[in-house]
Amino acid sequence: MNEVAPQPLWEVRSLSKSFPGVQALDDVSVKIYPGEIHALLGENGSGKSTFAKILAGVYQPDSGEIRFEGAPVRLVDPLTARRYGVSEIYQEFSLVRTLSVAENVFLGRLPRRGGRVDWPAMRRRAVELLDGLGIKVDPDAMVGSLSVAEQQLVEIAKALSIEAKLLILDEPTAALDVREVERLHDLIRRLVARGTAIVYISHRIREFLDLTDRVTVFKDGRLVGSGPSSEFDLGVVVRLMLGEELKEHFPKERHASDEPVLEVDGLVSDGGVKGATFTVHRGEIFGLGGMIGSGRTEIAHALFGVDRVSSGTIRLNGVSVRFQSPQEAIAGGFGMVMEDRKADSLFFNFTGIPNITVSRLAALLKGPFLSPGRERRLGREYLRQLRITPAAESKSVQFLSGGNQQKCVIARWVHSGSKFLILDEPTQGIDIGAKIEVYRLLNALTSQGVGILLISSDYPELLAMSDRVGIVWDGRIVAIEQANRLTDVSLFALASGAAA
């Protein structure tokens, strides 16, 4: 007797969606089953986020059909999708920075009593939810005061506060460290065990190998591969995504010399650095490894003049420096790619080229005036060298993919002539092709003698691209190791406090 195939929870048939000048989805058909984790993979701009937003009711398809439990449905808006049990977490946060964590979790669904908001009940339910998820965030804290990683955890709590039949996760681990990723994965497995379907979008391809049940790969708006995860490996996925074989995931070149470019001794800052000491050599990538809240970003902020340095010494090329602001740091030869490029690095009212050239406008002057022609010629050269989309010349950066946005930010510091570059999560939220281009750019910079401080929660990336790694714990660097002598496991053990 033949077994009856299970009915999909959700099914899309021949789905198409276009935007001005872009065919985002082209005749896509996908089935999503209850109790499965379904990975959506593809380069930035491949169509996977558009697909997810159609399921969430944010976009309406131009053609095609959507079915829920076998019956056709129209998801005319996010509220309609939510009534069908769809909950989503986007790569771009949907939090209100001026409200508390508890208010954000229950935004639009505040508990009421006697016609008024029941604030004690809201706080109590928020505490129960956060504790149940193992999220250590103060429910009364303003979201705007939280780190990027903590805000991501609040987004997760917000989405899971609804009893969802389908949970869409768009880059949920981009800002999380190894421990938080494992906690999220454990939670996802518990949700799946009770029948929840998960659509999981991630550029960390290794995640789908360990976590997901089914894989669907998009390229240029079309579905180019789909099936059980057991049928896919890294090579197959990359070949489908890029149309070529992956020769080297981490194309590391070693250019470190014995000459110090940055020497830090006993650094203490108002931001929580408690005595960091380390040296970065010319042409070296020095990685900072540690858990969220360990002080990695705080060390970067102290160096770059974001946080006030209260004691300790910083020497750049043998000269003592202490910057009172990022402007002073930039003038002194520092550049920094911030963790949150959208909030801290990009000018959304500019196209790609001004976002690059803004770091050194003096190079574009013709007499006392800015030369648009000179800016355009120089900008085009950066677009060509870094393989940034030509659309960056005419489009606002807000309409570029995450990878192209990040390359514009890095190009800015190349243009500035920085002697020392700080990169805080430089490949967060960008696809594998863009990551490899960023890695090659780092090789080019170190070959020119630039020293780089690399902060990354992606341990394989940190170990593969660094020459040495400093382990950060409670605002201090507690160990410094050669990167090639560490493994994911040993780095995690050190970062979780074993050496503290």
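In this predicted model, the count of cavities of 30 Å³ or more comes to two. A cavity here is a space where a 1.4 Å probe fits but cannot get out, and these two spaces make a useful starting point for a walk through the structure.

The largest cavity has a volume of about 100 Å³. It is lined by 15 residues, and those closest to its centre are Arg204, Thr427, Gln428, Gly429 and Lys435. When the lining of this largest cavity is sorted by class, it divides into three nonpolar, six polar and six charged residues.

The second largest cavity, with a volume of about 60 Å³, has a lining made of Leu133, Ile135, Leu153, Ile156, Glu180, Arg183, Leu184 and Leu187. Sorted in the same manner, this lining holds six nonpolar residues, no polar ones and two charged ones. Two helices each supply at least two residues of the lining of the second largest cavity, namely helix 5, which covers 148–160, and helix 6, which covers 178–193. Helix 6 gives the most, with four residues. It may help to keep in mind a rule about helices while looking at such a lining: an α-helix has 3.6 residues a turn, so residues three or four places apart point the same way.

From the cavities we can turn to helix 1, which runs over residues 48–55 and is largely enclosed by the rest of the structure, because six of its eight residues are buried. Buried means that a residue has under 20% relative accessible area. The buried residues of helix 1 are Lys48, Thr50, Phe51, Ala52, Ile54 and Leu55. After helix 1 comes Gly57, whose phi is positive, near 80°.

Stepping back to the whole protein, the reader will find that its secondary structure comes to 17 helices and 24 strands. Along the principal axes, the C-alpha trace spans about 75 × 50 × 50 Å. A compact globule with 500 residues would have a radius of gyration near 23 Å, and the protein has 24 Å, so its value agrees with that of such a globule.

The chain can also be described by its contacts and its surface. Among the contacts with a separation of 6 or more, 68% are accounted for by residues 24 or more positions apart. Of the 500 residues in the protein, buried residues make up 54%. The protein exposes about 21600 Å², and carbon and sulfur atoms supply 49% of this area.

Key
Residues numbered from 1 in each chain as written. Predicted model: local features only at pLDDT ≥ 70, side-chain atom pairs only at ≥ 80, totals over all residues. Heavy atoms only, no water. 1 Å grid on protein atoms, 1.4 Å probe; cavity = no way out; pocket = protein on both sides within 12 Å on 5 of 7 lines; lining within 4 Å. Points joined across faces, edges and corners; volume = space filled by probe spheres on them. Nonpolar A, V, L, I, M, F, W, Y, C, P; charged D, E, K, R; others polar. Buried < 20%, exposed > 50% of the residue type's maximum accessible area, 1.4 Å probe, protein only. Rg over C-alpha atoms; globule rule 2.2 N^0.38 Å. Contact = heavy atoms within 4.5 Å. Areas by Shrake-Rupley, 256 points an atom, 1.4 Å probe, with all protein chains shown as cover.
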